[in-house]
Amino acid sequence: MASIKGSADVVVIGGGVIGLSIARALARRGVQDVCLLERGGLGAEASSAAGGMLLPQVEADGHDDFFALACRSRDLYPSLAAELHDETGVDVELDTTGTLYLALNEHDYEEIEQRYHWQTGAGLAVELLTSAAARELEPCVSESTFGALRFPNDIQVENRRLVTALANSVNALGVKTFTETTVEKLVTDAHRITGVQTSRGEISCRTAVLAAGTWSSFICPNPTITPVRGQMVCLESKPQLTRHVLFSPRGYLVPRHDGRLLAGSTGENAGFAKRVTAGGIASILREAHEISPAVASLPIVDTWAGLRPRAADGLPVLGPCGEIDGLFYATGHYRNGILLAPLTAELISEAIVAGTTSPLLAPFSPDRFSSQPVVSV
Ligand SMILES: Cc1cc2nc3c(=O)[nH]c(=O)nc-3n(C[C@H](O)[C@H](O)[C@H](O)COP(=O)(O)OP(=O)(O)OC[C@H]3O[C@@H](n4cnc5c(N)ncnc54)[C@H](O)[C@@H]3O)c2cc1C
């Protein structure tokens, strides 16, 4: 493979939804020379494995910094989808039908009542449905349902189309993208980024963004990002079983426009083994069946697994690194990287271009973790 020695204004490490979104935002803010480096293919890891749900409200039991971040990012999606369509012609299938969160036992029902009360009290859009009303809305829902919350603003996007649209967009904006190119280490001089060493040569730069998802700690060991495996089962449902995303405390079903119905997922500490297992599939199908017994007759057309990038506290790691000038983190998005991509891109590109770090980023600073060295020597 040809050498890619050279220089860039900003190097983005990782071509998942986070790296692609940041590269696009930088180019749109006028950064001339953005270089995106991806070890494999663009978006081929967690960003393609995901369900594409944009659900800040569904599981939220209080107002905190993460909730604020997640809601703001979700609310950027309609304009992002429209822009990407104009720029690339790709429809990312943003589906604004909404989400039903089902209570399938008494304990679930207590949970949804509490959530309903705090969210209505906070002025958020949520409806409490009886079992009959939920089944009228989505007849496939289990007869055993105790009731449901309907979240009209918690929506979904087809994340693989999103990756395609972002890849086309960065290409059109002149971002230099190199796939099959592994960043082996950061090059620093007196606590400043001066470049990155890759499997195809060194690229000098004054700014680098770490967006390598689950593999971020191989480049910067602190903070530690660990993989949480999620398996998925893809069913075929023509006509589509449900219009809403159906969510329960134990599983979910996500309808796609083309008749695929995604059933998820698992949350496993299984290292970097990106495998589909019999136990994983069995548990997903059990939870899917609890939501809607109608899934029993649907054919399984695909299965896959992906690795969610998780920091020790489960929150994203965002913003400038206090120890190395010119290094920015955008990793640890765990279960919400699709949801958080638009706002992550806006805030990180603003921090790089304008040099101002939004107060929204402060709670997610990489510096919140202990003072182990950022770069191993
Ligand atoms: C089953 C499942 C369901 C999910 N559902 C949802 C959902 O419904 N909604 C939601 O918001 N989120 C969901 N997620 C989480 C979401 O997928 C992730 O948070 C998000 O994709 C993280 O994006 P990323 O770009 O950081 O990581 P990735 O997509 O993993 O991208 C990181 C990229 O960096 C590259 N890379 C790694 N090391 C190097 C290196 N040294 N040099 C160059 N490149 C490198 C990798 O090859 C990879 O392409 C789900 C995840 C899973 C697994």
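Reader: Does His191 count as buried or exposed, and at what relative accessibility?

Author: A residue is called exposed when its relative accessible area is over 50%. His191 counts as exposed because its relative accessibility is 58%. Keep in mind that this is a predicted model. His191 sits in the loop between S10 and S11, and its phi is near 60 degrees, a positive value in a residue other than glycine.

Reader: What is phi of Ala190, and where is Ala190 found?

Author: Phi of Ala190 is near 50 degrees, again a positive value in a residue that is not glycine. You will find Ala190 in the loop between strand S10 (183-188) and strand S11 (193-198). With 69% relative accessibility, Ala190 counts as exposed.

Reader: Thanks! Now to helices. Why do residues three or four places apart point the same way?

Author: An α-helix has 3.6 residues a turn, so such residues end up pointing the same way. Try this on helix H4, where Tyr77, Leu80, Ala81 and Leu84 are buried. They cover an arc of only 100 degrees around the axis, so they are on the same side of H4.

Reader: How many residues does helix H4 have, and what should they span?

Author: Helix H4 (residues 77-88) has 12 residues, which at 1.5 Å a residue should span 16 Å. Its end C-alpha atoms are 16 Å apart, in agreement with that.

Reader: Which residues are buried in H8?

Author: They are Gly280, Ile281, Ser283, Ile284, Glu287, Ala288 and Ile291. Their arc around the axis is only 165 degrees, which puts them on the same side of H8. The face turned away from that buried side carries the exposed residues Ala278, Gly279 and Arg286. As for length, the 14 residues of helix H8 (residues 278-291) should span 20 Å, and the end C-alpha atoms are indeed 20 Å apart.

Reader: Where are the cis peptide bonds, and what is omega?

Author: One cis peptide bond joins Lys238 and Pro239, with omega about 5 degrees. Pro239 belongs to the loop between S14 and strand S15 (245-247). Another runs from Gly264 to Ser265, where omega is near -20 degrees. Ser265 is in the loop between strand S17 (260-264) and H8.

Reader: Does Thr331 count as buried or exposed?

Author: For buried, the cut-off is under 20% relative accessible area. Thr331 has 1% relative accessibility, so it counts as buried. This residue lies in strand S20 (residues 327-331). Its side chain makes a polar contact of 2.9 Å with the side chain of Ser216. A polar atom of the Thr331 side chain also lies 3.3 Å from the backbone oxygen of Gly213.

Reader: Finally, the ligand. Which residues around the ligand come nearest?

Author: Of the 37 residues around the ligand, the nearest are Glu38, Ser47, Val183, Tyr334 and Leu339. By class, this shell has 17 nonpolar, 15 polar and five charged residues. Among the elements that each supply at least two shell residues are helix H1 (17-28), strand S18 (300-310) and helix H9 (337-353).

Reader: Which backbone N or O atoms lie 2.8 Å or 2.9 Å from an oxygen atom of the ligand?

Author: A backbone N or O atom of Tyr334 is at 2.8 Å, and one of Met53 is at 2.9 Å. For Val17, a polar backbone atom is 3.3 Å from a ligand oxygen atom. The ligand on its own has 1000 Å² of accessible area, and the protein covers 98% of that.

Terms used:
Residues are numbered from 1 along each chain as its sequence is written. This is a predicted model: local features need pLDDT of at least 70, side-chain atom pairs count only at pLDDT 80 or more; totals for chains, interfaces and linings use all residues. Side-chain values use heavy atoms; hydrogens and water are left out. A residue is near a molecule or strand if one of its heavy atoms lies within 4 Å of it. A polar contact is a pair of N or O atoms within 3.5 Å; within protein, one must be able to donate a hydrogen and the other to accept it, and residues adjacent in sequence count only if both atoms are side-chain atoms. Accessible areas come from the Shrake-Rupley method with a 1.4 Å probe; for residues, only the protein chains shown count as cover. Helices (H or I, at least four residues) and strands (E, at least two) are DSSP runs, numbered from the N terminus. Ala, Val, Leu, Ile, Met, Phe, Trp, Tyr, Cys and Pro count as nonpolar, Asp, Glu, Lys and Arg as charged, and the others, Gly among them, as polar. The expected span of a helix is 1.5 Å times one less than its number of residues. Buried means under 20% relative accessible area, exposed over 50%, partly exposed in between (1.4 Å probe, protein chains only). The arc is that of the directions from the helix axis to the C-beta atoms.
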